[in-house]
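Got the viewer open? Let's walk through the fold one selection at a time.

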Amino acid sequence: MKIKVIDFGYSKLPERGHYNDAGADVRVCMHDKNSITIWPHTTEAIPLGYGLEIPDGYMACVFPRSGLSKNGIVCELPPIDSGYRGEIHAIVHNGSNVKQQFKNGERIGQLVILPVIMADFVTDLGDDRGNGAFGSTGLK
């Protein structure tokens with residue numbers, strides 16, 4: 001699958017370390033400074049420098065990197081919807097007791113594209129299924 005990237009000043013496109021990695025590394029792309037500090041127990045939206053044209057039926061998330069996660073630096077997982085065309089951000093939380101600084105171009109997360117089931121939410125499915133259990137159907 002090919003996904004078009006919309007340029008918001010990116011320094012580097014998402015890239016996989018290995019051809020079969022689930023996630024593609026994404027990097028910090030601060031537009032007005034060279035780095036960002038995430039203070040202990042705070043969360044920051046870190047720009048990545050691009051948007052994506054994700055096909056309908058799919059979404060994206062910026063997942064945490066394992067090396068950062070073990071130190072308490074994790075990405076939250078808000079979905080990036082197929083209709084969104086703005087710049088995407090990694091929502092990064094510092095759960096440690098030490099400030100963390102990230103420079104432009106430094107890897108901050110992993111972009112993963114996922115299929116989405118588009119559910120129709122209804123109040124009645126029209127079947128006769130009850131809430132009985134343990135032999136409630138009467139079948140022996």
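Start by selecting E7 and strand E8, residues 89-94: in this predicted model, the two pair in the antiparallel sense over 3 bridges. Zoom in on isoleucine 73, and you'll find asparagine 94 of E8 standing opposite. Then click on cysteine 75, whose opposite number in E8 is valine 92.

Now bring in E4. This strand runs antiparallel to E8, and 6 bridges join the two. One position to look for here is alanine 45, which stands opposite isoleucine 91 in E8.

Zoom out a little and color the three strands together. They make an open sheet in the order E4-E8-E7, with antiparallel pairing. Strand E4 (42-47) and strand E7 (73-75) are the edges, each pairing on one side only. From one strand to the next, the twist averages 30°.

Next, show the side chains along E8. Which of them are buried, and which are not? Ala90, Val92 and Asn94 point to one face and are buried. His89, Ile91 and His93 point to the other face and are not. That fits a general pattern: in a regular strand, side chains alternate between the two faces of the sheet.

Stay on E8 and pick isoleucine 91, which sits in this strand. Its relative accessible area is 25%, so isoleucine 91 counts as partly exposed, given that buried means under 20% and exposed means over 50%. Select what isoleucine 91 touches, leaving aside residues up to four places away in sequence: Thr43, Glu44, Ala45, Val74, Cys75, Glu76 and Pro78. If you like distances, draw one from isoleucine 91 to glutamate 76: they are 15 residues apart in sequence, and 5.4 Å apart from C-alpha to C-alpha.

Time for a loop. Go to glycine 49, between E4 and strand E5 (50-53). Is glycine 49 buried or exposed? With a relative accessible area of 0%, glycine 49 is buried, because anything under 20% counts as buried. Light up the residues that glycine 49 touches, again skipping those up to four places away in sequence: Ile6, Asp7, Phe8, Gly9, Tyr10, Cys29, His31, Glu87 and Ile88. For one of them, cysteine 29, try the distance tool: glycine 49 and cysteine 29 are 20 residues apart in sequence, with 5.3 Å between their C-alpha atoms.

Hide all that and go for another sheet. Select E2, E10 and E6, which form an open sheet of 3 strands in that order, E2-E10-E6, with antiparallel pairing. At the edges are strand E2 (24-27) and strand E6 (58-63), each pairing on one side only. Neighbouring strands of this sheet are turned by 35° against each other on average, direction ignored.

Look at E6 beside strand E10, residues 107-115: these two pair in the antiparallel sense over 6 bridges. Click on cysteine 61 and follow the bridge across to valine 112, its partner in E10.

Last stop: the largest pocket. Which residues line it? Select Ile3, Val5, Pro14, Glu15, Arg16, Ala24, Leu52, Leu111 and Ile113. Color that selection by class, and you get 7 nonpolar, no polar and 2 charged residues. Turn on a surface if you want to see the space, as the volume of the largest pocket is about 190 Å³.

Notes
Residues are numbered from 1 along each chain as its sequence is written. This is a predicted model: local features need pLDDT of at least 70, side-chain atom pairs count only at pLDDT 80 or more; totals for chains, interfaces and linings use all residues. Side-chain values use heavy atoms; hydrogens and water are left out. Two strands pair if DSSP finds at least two bridges between them. Helices (H or I, at least four residues) and strands (E, at least two) are DSSP runs, numbered from the N terminus. Axes are lines fitted to C-alpha atoms, for helices over the stretch in contact, and angles run from 0 to 180 degrees between N-to-C directions. On a 1 Å grid over the protein atoms alone, a cavity is a set of points where a 1.4 Å probe fits but cannot get out, and a pocket is an open set with protein on both sides within 12 Å along at least five of seven lines; lining residues have an atom within 4 Å of a point. Grid points are joined across faces, edges and corners, and a volume is the space filled by probe spheres set on the points. Ala, Val, Leu, Ile, Met, Phe, Trp, Tyr, Cys and Pro count as nonpolar, Asp, Glu, Lys and Arg as charged, and the others, Gly among them, as polar. Buried means under 20% relative accessible area, exposed over 50%, partly exposed in between (1.4 Å probe, protein chains only). Contact means heavy atoms within 4.5 Å.
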